[in-house]
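Trainee: I am new to this structure and would be grateful for a close look at a single helix and the contacts around it. Please take me through it step by step.

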Amino acid sequence: MKVNAQSVNFNADTNLLHYVQNRMNKLELFYNKVINSEVYMKVQKTSGKENKLVEIQVNVPKERLVVKKQCKSFEEAVDSACNSLERKLIKRKEKQRQMA
């Protein structure tokens, strides 16, 4: 799957980018018609520890799924967002099966 990862207010290291790519590739196990995805990683300027914001947009035929998560680390936020996307993709696949 083509993943476009962008980091805002910081420079992402290669380990983080590889982690994001590998985690996003696992989404294809749940729904194989994913066209591409965009991952936006931001550091919020707040006093709290949970200042890492991840927004993931996944394009599938006729729809765009969007999930935003804010956590202490980018890895944790990506995991949480991908878990939500997995549930959404499974629901979408089930709906298509019922229509067919």
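Mentor: Let us begin with the outward side of helix H1, where the face turned away from the buried side carries the exposed residues Thr-14, Asn-15 and His-18. Please note that the model is a predicted one. Helix H1 comprises the 12 residues 14-25, and at 1.5 Å a residue these should span 16 Å; the end C-alpha atoms are indeed 16 Å apart, so the expected and modelled spans agree. The buried residues of the helix are Leu-16, Val-20, Arg-23 and Met-24. These residues cover an arc of only 100 degrees around the axis and therefore lie on the same side of H1. In general, an α-helix has 3.6 residues a turn, so residues three or four places apart point the same way.

The cover over this buried side includes strand S1 (2-8), strand S2, strand S3 (52-60) and helix H2 (74-99). One of the buried residues, Arg-23, forms a salt bridge with Glu-86, with the closest N and O atoms 3.0 Å apart. This pair links distant parts of the chain, since Glu-86 belongs to helix H2 and Arg-23 to helix H1, 63 residues apart. Both partners, Glu-86 and Arg-23, are buried.

Helix H2 also takes part in a salt bridge between Arg-92 and Glu-63, where the closest N and O atoms are 2.5 Å apart. Here Arg-92 in helix H2 is joined to Glu-63 in strand S4 (residues 63-71), 29 residues away. Arg-92 has a relative accessible area of 16% and is therefore buried, whereas Glu-63, at 36%, is partly exposed.

Terms used:
Residues numbered from 1 in each chain as written. Predicted model: local features only at pLDDT ≥ 70, side-chain atom pairs only at ≥ 80, totals over all residues. Heavy atoms only, no water. Helix = DSSP H or I, 4+ residues; strand = E, 2+ residues; numbered from the N terminus. Expected span 1.5 Å × (residues − 1). Buried < 20%, exposed > 50% of the residue type's maximum accessible area, 1.4 Å probe, protein only. Arc of directions from axis to C-beta. Contact = heavy atoms within 4.5 Å. Salt bridge = Lys/Arg side-chain N within 4 Å of Asp/Glu carboxyl O.
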